[in-house]
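Here's a small set of exercises to work through with the model open in your viewer. Try each task before you read its solution.

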Amino acid sequence: MLRVLQRIVEAVNQAPDFELALQTMVRQVKEALQTDSCTVYLADHEQKQFALAATDGLKLNSDQPIHVPFGEGVISLAAQREEPLNIANASSHPKFLKLDEVDEERYNAMLAAPVIHRRRVLGVLAVQQEHTRAFTRDEEAFVVTLAAQLAVVIAHAEAKGFLRTTKQSPWLQTIKGLAAAPGVAIGQAYVVKPRARLSEVTPKKSDKPEHEIRRFRSAVARTRQELLDLSESMKGQIADETLAIFDVYHAMLDSTNLGQEVEQTINDGWRAQTALKLVVENLVNQFENLDDEYIRERASDVRDLGQRILSHLKDKARQQLEPPAECILVAHEVTATMLAELPNTEILGMVSVRGSGSSHAAIMARSMGIPAVLGADDIELNELDGETVIVDGYNGDVFVDPPLQVENEYRQLAEEELELRAKVEQARGNP
């Protein structure tokens, strides 16, 4: 039994996300004890109820979240007593609660063990069987031990904010970042990635430096025109002083140092892509090691510029982005040019894994009135695309797939902001 216990614990710990960890737990516990059902309930102390989070064996008659109110049912009794309940015939127990959404009438035997972490009940692990019987001491010890292990898993997931968890989870999935631009936004996450990444360039040599230099100069020329187009598209949308951000890009692009260093590196025997990677990454490192925060954030602009030149070296056409009409822009590193590439889309909010309030993206967001959270490094971009997201630009919080109650509260706050903004516009120019 100890070996089986160890195998289950390892499988749960190796699960890539919280939902899969719970599903792994209920499936393997059911198999190990040869019971007919195993279920995990999670405690929601704010709503004072348990949410059915994962089951193998229970027949669910509804797609809606299933809850057991605190104080009702055998599940609540086990949590209240903070000890396992071993019942031979649960349906005859005075605390038995029949849920219309769950078909469990055929089950008799039930063993419910509270999931406790640091004296706080996080949920209940329950196994059920058709045959009327009491579970053995070994079986009870087995389930209690797994409940203790599950407590660690749940506590860790709760602390991390549950980026991906069950849709039935009562807990709020929160990502903490830096408040970069004030305001509240609610919308569908739209993840944008750069056309080309310097980090993915494999160093290669070339014995045709003239050809590589021509390719590099052509890529620079196309990048310059692209930046002019982006700057033109933003006129009238942001203040002139903010528009000057694009002058910084042009200044870097026209810098003789950048071009000369890349061409010299090409003459040293490297391909244009490799030379660009070596020079730009060296510049990025120099900026990132500076003390001044504003100057340090220019590393983002240098990297962005380098990757735009790289995309033209690779002949990658400008992305034909198809975002929703209203969206929350999300990226590993949101840049000023990225914001400018979505001129016909209403960007409701912005979330970036990297960056700070001194970045040009943050400055543009404030100028455009877009709530922004930067430095939110606990994000899995691939899993976030298309999800409903709340951006709290006041506190630096990002809520993923929030419960309806939380979403409604933030929608009310957003509406109040719009009303206040309208009043300010009406009063603009008055004494």
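**Exercise 1. Cysteines.** Work out whether C38 is buried or exposed, do likewise for C327, and then find how many disulfides there are.

*Solution.* Start with burial: C38 has 0% relative accessibility, so it counts as buried (buried means under 20% relative accessible area, exposed over 50%, partly exposed in between, with a 1.4 Å probe and protein chains only). C327, also at 0%, counts as buried. Next, apply the disulfide rule, a pair of cysteine sulfur atoms within 2.5 Å: the count comes to zero.

A word on ground rules: this is a predicted model, so local features need pLDDT of at least 70 and side-chain atom pairs count only at pLDDT 80 or more, while totals for chains, interfaces and linings use all residues. Residues are numbered from 1 along each chain as its sequence is written, and side-chain values use heavy atoms, with hydrogens and water left out.

**Exercise 2. An enclosed helix.** Which residues of α3 are buried, and what covers them?

*Solution.* Helix α3 spans residues 73-81 (helices are DSSP runs of H or I with at least four residues, strands are runs of E with at least two, both numbered from the N terminus). Go along it and you'll find G73, V74, I75, S76, L77, A78 and A79 buried. That's seven of the nine residues, so the helix is largely enclosed by the rest of the structure. Now look for the cover: it includes β1 (37-44), β2 (49-56), β4 (67-69), β5 (85-87), β7 (109-117) and β8 (120-129).

**Exercise 3. Backbone oddities.** Where do K48 and E82 lie, and what is the phi of each?

*Solution.* First, the background: most residues other than glycine have a negative phi. K48 lies in the loop between β1 and β2, yet its phi is positive, near 55°. With a relative accessible area of 54%, K48 is exposed. E82 follows α3 and sits in the loop between α3 and β5. Its phi is also positive, about 55°, and E82 is partly exposed at 45%.

**Exercise 4. Salt bridges.** How many salt bridges are there, and which parts does the pair E288 and R354 tie together?

*Solution.* Use this rule: a side-chain nitrogen of Lys or Arg within 4 Å of a carboxyl oxygen of Asp or Glu. The count comes to 21. One of them joins R197 and E200 at 3.6 Å, N to O; R197 is partly exposed at 26%, while E200 is exposed at 53%. For K235 and E232, the closest N and O atoms are 3.2 Å apart.

E288 and R354 meet at 3.0 Å, N to O. E288 lies in helix α9 (272-288) and R354 in the loop between β13 (346-352) and α13 (360-368), so the pair ties together parts 66 residues apart in sequence. Finally, bridges with shared partners join R195, E226, D304, R308 and E341 into one network.

**Exercise 5. A buried charge.** What is the nearest side chain of opposite charge to E297, and which residues does E297 touch?

*Solution.* E297 lies in the loop between α10 and α11 (298-313). E297 is buried but has no salt bridge, and the nearest opposite charge, R298, is 5.3 Å away (Lys and Arg count as positive, Asp and Glu as negative; His and the chain ends are not counted). Leaving out residues up to four places away in sequence, E297 touches G355, S356, S358 and S359, where contact means heavy atoms within 4.5 Å.
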